[in-house]
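Here are some exercises to work through with the model open beside you. Try each task before reading its solution.

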Amino acid sequence: MITCLIQYTLDPNRIAAFREYAERWPPIIERCGGKLIGYFLPKEGANNYAVALIEFESLASYEQYRGRLAEDADARDNVDDMMRSECVLVEARSFLQRVGD
């Protein structure tokens, strides 16, 4: 099992747009093969940082997921909406392994 950590640097004036973007992902992620742990928005401290955590069986299953996302109309629309809103300034992915697995 691996966890994809997506780190977002946000425009702090567009947090509401990012929230809408994040709220649209759960059914898309699930149908494309990921297990969403959650999206996390700033609460205290930095106001321009958010993360998403998504689990996969392996890097190969992540690659299959990415292929499904690329073909999913809802996923493409959600990314297009995010790009138009300019709520995300930087997006970076890392892959983590849970301790004890």
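A pocket is defined on a 1 Å grid over the protein atoms alone: it is an open set of points where a 1.4 Å probe fits, with protein on both sides within 12 Å along at least five of seven lines, and its lining residues have an atom within 4 Å of a point. The model used here is predicted, so local features need pLDDT of at least 70 and side-chain atom pairs count only at pLDDT 80 or more, while totals for chains, interfaces and linings use all residues. Residues are numbered from 1 along each chain as its sequence is written, and side-chain values use heavy atoms, with hydrogens and water left out.

**Exercise 1. Describe the largest pocket and its lining.**

Step 1: Start with the volume, which is the space filled by probe spheres set on the grid points, joined across faces, edges and corners. For the largest pocket it is about 290 Å³.

Step 2: Find the centre. The lining has 19 residues, and those nearest the centre of the pocket are Trp-25, Arg-66, Leu-69, Val-79 and Arg-93.

Step 3: Trace the lining to helices (DSSP runs of H or I, at least four residues) and strands (runs of E, at least two), numbered from the N terminus. At least two lining residues come from each of β1, α1, α2 (59–71), α3 and β4 (88–96). The biggest share, five residues, belongs to α2.

Step 4: Sort by chemistry. Ala, Val, Leu, Ile, Met, Phe, Trp, Tyr, Cys and Pro count as nonpolar, Asp, Glu, Lys and Arg as charged, and the others, Gly among them, as polar. The lining then splits into 15 nonpolar, no polar and four charged residues.

**Exercise 2. Place strand β3 among its neighbours.**

Step 1: Look for pairing, which requires DSSP to find at least two bridges between two strands. β3 pairs with β1 in the antiparallel sense over eight bridges, and with β2 (residues 35–40), also antiparallel, over five.

Step 2: Pick out bridge partners. Thr-3 faces Glu-55 of β3, and Phe-40 is matched with Val-51.

Step 3: Check burial, using a 1.4 Å probe on protein chains only: buried means under 20% relative accessible area, exposed over 50%, and partly exposed in between. Six of the eight residues of β3 are buried, so the rest of the structure largely encloses this strand.

Step 4: Zoom in on one residue. Ala-50 lies in β3 (residues 49–56) and counts as buried because its relative accessibility is 1%. Setting aside residues up to four places away in sequence, its contacts (heavy atoms within 4.5 Å) include Ile-6, Tyr-8, Phe-18 and Phe-40.

**Exercise 3. Asn-78 and Asn-13: which is buried and which is exposed?**

Step 1: Locate both. Asn-78 sits in helix α3 (residues 73–85), whereas Asn-13 is in the loop between β1 (2–10) and α1 (15–32).

Step 2: Apply the cut-offs from Exercise 2. Asn-78 is buried because its relative accessibility is 2%; Asn-13, at 73%, is exposed.

Step 3: See what surrounds Asn-78. It touches Tyr-21, Arg-24 and Trp-25, leaving out residues up to four places away in sequence. A polar contact is a pair of N or O atoms within 3.5 Å; within protein, one must be able to donate a hydrogen and the other to accept it, and residues adjacent in sequence count only if both atoms are side-chain atoms. The side chains of Asn-78 and Arg-24 make such a contact at 2.5 Å.
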